[in-house]
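Subject: Structure for your review

Dear colleague,

Please find below the structure that I am handing over to you. I should be grateful if you would read the notes beneath it with the coordinates open.

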Amino acid sequence: MYKKTISYSSFANGEAGPDLMGRGNFAEYNKAAARMLNFRPIATGGLVRRDGFLHVAVAAGEGRIIPFEASDENKFIILLTTTDMHVYDTDGALKMSRPFLITMEKINNIRYAQKDSSIYLVEENIHPCMLRYNKIDGTFTFTVWNFETRKDEHGRIESLMPFAKFPDMEGVVLTIDSTTNTNRVIITSRAFFKPEYVGVRLQLFGGQVEILSVVNETTAACRVVKDLDGGGSTTEWREEAFSFPRGYPRTLAFYQNRMVLGGARELPGRMWFSKTAKYFDFDLGEGLDDEAIEFDMLSEKSHKIVAIFEGKHLQVFTDDAEWVVAGNPITPTSIEMRIQTRIGSKTDVYIEPQLVEGSTIFIAKNGNEAREFYWGEIEGGYVSNDLASLSPHMLDDPIQQSYNKKTRTLHILNRNGKISADSINKNMGVNAWHTIETAGEIKSICNIDEALFALVKRGETFRLERLDKRAVCDACLVRNYESAQTEISGLEHLDGMEVIANADGEAVEAVVENGMIILETPAKNVSVGLAFVSRMCPLPPFVGMSRMPRATRLIVLTMRVSKTRGLKIDTGQGAKNHGGESEFTGDIRIVSRGFVRNFETPVFKIETSAPFKAKILNITATMECVI
């Protein structure tokens, strides 16, 4: 027999993966847990029960939510469904709706960037668009992108859009007659044109033409929109980079007062920088410092651009590597591109990189690594570490991520509808993974105004909800009355459901009927919603640093708690209530008996589903181990 006392004074490494259960010699082992569900580790070492999800609005349907912070005072949630675009304010009021026909696959791959009071949206298969908020009258304007134009001496309008030489254009001879008429005919040396080419512009002989009609695969009628320097045959011609037949920009950002576009459906590794302060002017001009820039991300293999992010440098994430684009300032002659690390990003859905304490977090190509990409002063370049190296099981086909600066928590939404959250505090050495789970499926997330918003499917309906310190349950409604009430209304979103309420500090269970519940005892302050379970299980103990006991018996368990109520503790004889019937601060001491012989069975388990707050500051367990 060997007597051992373990002090669980820190959970700075959060929920560890099952492979760590045999590594008691790791320093990280003593700061980790086997299970951390709906508990959030705090920087000082303890655990706090997560806030509940506050009901914001019944949403229009399944889709994706996107943050739109038009100003410090005007912040909105854009909900994209397969039929419409809806804009809600953060209190759930619907501010705008308009048709927006799109598939879920495309919705999940939309990239966005904000500039002033406008948000720009791109996806390689849809025409780029933007939503602008008018601060004066509180209205929204939705438009598709139009590149800048300029008139020539004849009053004809040329476009300043980017043009490109696509691979299938190589070796194709294009012939155009040299007449002075505005309308002309172009002929290609092999099959090239399709009906969808109507409206597409070509660049040739120093000018531009726009296709008016397609006669057949080799012949099209066009009009001149910028004078040509003669005519005849040439292989040196270019097509507009973005169009319906070729696809549109994949991703975008704003950097050094330029719009930066990265990748397109048929040009996956190309980047375009607009003219300085002219976001829709991509004319390359004469290569002056403020003029547009265009280049390909070239190495020993081709790269597909996945995301662009503004950090210490302009960071470019591709399917195979991580790059930086440098230049201070970036000009056509000063720009530099360098590969930094070779990890690659997940490509089946767009997962927006997040800035976390000076590092850019991206999801690796393999889908089970959350990589932090940061400048290493010692290395003199960027390095990439895996935040989930001890907890790879936490990433289960991630589809979105978002960072909350207030709580210092990275939220990663998995396809199974659960959130894998990582509390990060580098100064305190905290990198603590935990799970956020609710009665339903979380379909989309974003952080706005330092609050996590979620689109949640509960039953057959979808709701906008927000993690909120006022909520002690999920889909929660909070009511504060001047006088005590027995009838609590406004619960239509929970009709027919079993709910739990905190009514002036008392737990009440009820079923919602006709949008209300009736309390037996009147209450002034009521929080009512769906119960959720918080659970914590420790890792199995070791004798010394590496010896695994054959059996373990818990003798005494002591927990120091603060303003806590409703905890249940299972030390092998079933979960039992501890801490009294009112909020408690102090030490809870439990004497136990019985051996645990399977390392997968926790020596003790802490859980609660009561509608109360809970904070655990420290746990001390005295055990007897058979070795």
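The notes below cover the pockets, one of the sheets and the cysteines. Please bear in mind that this is a predicted model.

Pockets

The largest pocket has a volume of about 1,200 Å³. Its lining comprises 35 residues, and those closest to the pocket centre are P67, Y112, F309, E352 and Q354. Several strands give two or more residues each to this lining: β6 (64-69), β10 (111-115), β24 (249-255), β28 (305-310), β32, β36 (398-404) and β40 (441-448). The largest share comes from β36, with 5 residues. By class, the lining of the largest pocket divides into 18 nonpolar, 8 polar and 9 charged residues.

The second largest pocket has a volume of about 660 Å³. Around it are 26 lining residues, and D51, T407, L467, D468 and K469 lie nearest its centre. Here the elements that give two or more residues are β4 (47-49), β37 (409-414), β39 (430-436), β41 (451-458) and β42 (461-468). The lining of the second largest pocket has 8 nonpolar, 6 polar and 12 charged residues.

An antiparallel sheet

Strand β32, which gives residues to the lining of the largest pocket, also belongs to an open sheet of 4 strands. The order in this sheet is β32-β33-β34-β35, and the pairing is antiparallel. At the edges are β32 (354-356) and β35 (381-386), each of which pairs on one side only. On average, neighbouring strands of the sheet are turned by 35 degrees against each other, direction ignored. Within the sheet, β33 (residues 359-363) and β34 (residues 370-376) pair over 4 bridges. T360 stands opposite F373 in β34.

Cysteines

How many disulfides does the model contain? The count comes to 0, a disulfide being taken as a pair of cysteine sulfur atoms within 2.5 Å. For C473, the nearest cysteine sulfur is that of C476, 3.6 Å away, and this lies outside the 2.5 Å cut-off. C473 is therefore in no disulfide.

Are C473 and C537 buried or exposed? Buried means under 20% relative accessible area. C473 has a relative accessible area of 1% and is therefore buried. C537, at 9% relative accessibility, counts as buried because its value falls under that limit.

Yours sincerely

Note on methods
Residues numbered from 1 in each chain as written. Predicted model: local features only at pLDDT ≥ 70, side-chain atom pairs only at ≥ 80, totals over all residues. Heavy atoms only, no water. Pairing = 2+ DSSP bridges. Axes fitted to C-alpha atoms, helices over the stretch in contact; angles between N-to-C directions. Buried < 20%, exposed > 50% of the residue type's maximum accessible area, 1.4 Å probe, protein only. 1 Å grid on protein atoms, 1.4 Å probe; cavity = no way out; pocket = protein on both sides within 12 Å on 5 of 7 lines; lining within 4 Å. Points joined across faces, edges and corners; volume = space filled by probe spheres on them. Nonpolar A, V, L, I, M, F, W, Y, C, P; charged D, E, K, R; others polar.
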